[in-house]
Every structure is written in C-alpha cells, then in structure tokens.
Amino acid sequence: MSDVRTDAIEQAWDGVVATARRTAADGLVVGTSGNVSARIGGIVLVTPSGVPYDRLGPGDAVGVDLEGRQVLGDMVPTSELPLHLAVYRGSDAGAVVHTHAVHATAVSTLVDEVPLVHYAAALLGGPVRTAGYARYGTQELADGMLAALRDRTGCLLRNHGTVTYGDTLDQAYDRTAQLEWMCRLWLTASSVPGLRPSLLTPAQLDDVRDALKGYGQPG
Ligand SMILES: [Zn+2]
C-alpha cells in the first residue's frame with residue numbers, strides 16, 4: 001500500500017473512532033452497543049465487536065472489503081457488519097452510523113413511520129420508516145433495513161435502533177442526531193393527555209425538500 005493511501009486510511013480510522021466516541025458521549029448508545037463505519041476506496045473501516053471506544057487507538061483499524069472479507073486489523077468487526085455492507089453496496093454512502101438511541105428506539109416499537117411533527121424529516125429524505133424486526137447481525141435485518149431506506153438516508157429498526165448514512169461521518173452522525181431529536185419531539189408532543197400533535201402534510205415536506213436543495217441548511 002502506498003503511503004498516501006495509508007495516510008488516508010489512518011485519517012479515516014481516526015474519524016470512525018471519534019464518531020463512535022461521540023455516539024457514546026452524546027448518550028446515543030450505552031457501552032459498546034451501536035457501531036460506526038466509513039468507506040475509503042474499496043475498504044470499509046468499521047468499529048470492532050465489543051471493544052470500548054475509548055480503548056481504540058490509531059493502530060487498531062479494522063477494515064473489510066465489500067464482501068466482508070477482513071483486509072485490515074486483527075480485531076473482529078462489529079456483528080452488525082451485514083447492515084453496514086448492505087448500505088455501501090446499495091448506495092454511494094461514505095459513512096454509516098448505527099445506534100440504540102433511546103427515543104428513536106422507543107418510537108420504533110410504536111409506529112411504521114415517524115409522524116411528520118417537524119420538517120427535519122426532509123434532512124433524511126422524507127418520512128422515516130421503521131424496518132421490521134429481525135435479529136441483530138442477520139441478513140434478514142439488513143434486507144429489511146434496505147427496504148426502509150429507499151429514497152431515505154435514515155430509518156428505524158424495530159425494537160432495536162437507528163441507521164443513517166451520509167457522504168461523510170459528520171453528515172451521517174448529524175442525521176442520527178436529528179432523527180433521535182425528532183423522535184423525542186414526537187414522544188413529547190404526543191404525551192400530553194387529550195391532545196394530539198398536528199402533523200405536516202407530505203406536500204409541506206416536499207416544499208421543504210425543494211427549499212433545502214436551493215438554500216442549504218434550514219433555519
Ligand atoms: Zn444494534
């Protein structure tokens with residue numbers, strides 16, 4: 001491997017570790033649950049299974065190819081590898097974040113689609129769907145997730161958590177944070193006895209999506 005390529009991989013690995021630590025620091029996961037990956041060329045760098053993120057260092061990079069064959073590192077890749085690889089095979093994603101964020105996971109047990117309480121849904125491509133339950137680490141879970149991700153950059157996994165992707169680790173992370181916030185918002189608004197939150201119409205959300213294309217970040 002050339003030095004340039006090695007540098008690029010080291011830099012991307014630092015980003016993966018920093019993002020994984022951020023999910024823990026921000027309360028989106030507990031312990032070693034959840035996982036983060038980034039694609040660099042034909043290699044997917046992914047957090048290893050069961051290792052606390054504060055113990056991961058620069059020399060601990062774990063990498064697989066798109067078929068899941070390990071090409072970097074000695075530690076075992078996350079058990080959710082099929083989920084990450086399915087996103088990369090089916091999109092041009094540069095990074096994937098998977099968490100067990102508490103409000104989003106709570107909402108995954110309640111609805112097939114996150115109610116449109118806020119236009120932040122446009123940041124995820126539209127109303128966020130819930131993929132059907134399947135055991136962690138299975139191809140069945142990855143397949144259900146792909147269906148829920150159609151035309152979206154994030155989804156819920158029933159009784160499990162969240163998946164988002166983006167061009168960069170920061171973008172994938174931000175989408176997870178927005179999704180968790182939106183689920184918390186809906187739970188908060190819908191918990192007032194006798195009242196129901198008003199929802200945006202699909203047309204109103206389309207309008208926001210069009211505005212985002214022209215003007216960047218929403219206000
Ligand atoms: Zn999980």
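**View A. Strand 2 against strand 3 in the predicted model.** Strand 2 and strand 3 (residues 63-64) run antiparallel. Two bridges join them. Val44 has Val64 as its bridge partner in strand 3.

**View B. Strand 1 against strand 2.** Strand 1 covers residues 35-40, and strand 2 covers residues 43-46. The two run antiparallel and are joined by four bridges. Arg39 has its bridge partner, Val44, in strand 2. Val44 is also the bridge partner of Val64 in strand 3.

**View C. The hairpin turn of strand 1 and strand 2.** Two residues lie between the strands. Gly41 takes a positive phi near 60° here.

**View D. The whole sheet.** Eight strands form an open sheet in the order 4-3-2-1-5-8-7-6. The pairing is mixed. Strand 4 (70-72) and strand 6 (130-131) stand at the edges. Each has a single partner strand, so one side of each lacks a neighbour in the sheet.

**View E. Helix 5 on the sheet.** Helix 5 (residues 169-189) packs on the sheet. The helix touches strand 1, strand 5 (95-99), strand 7 (154-157) and strand 8 (161-166). The direction of helix 5 makes about 145° with that of strand 8.

How values were computed:
Residues are numbered from 1 along each chain as its sequence is written. This is a predicted model: local features need pLDDT of at least 70, side-chain atom pairs count only at pLDDT 80 or more; totals for chains, interfaces and linings use all residues. Two strands pair if DSSP finds at least two bridges between them. Two residues are in contact if their C-beta atoms, placed from the backbone, lie within 7 Å. Axes are lines fitted to C-alpha atoms, for helices over the stretch in contact, and angles run from 0 to 180 degrees between N-to-C directions.
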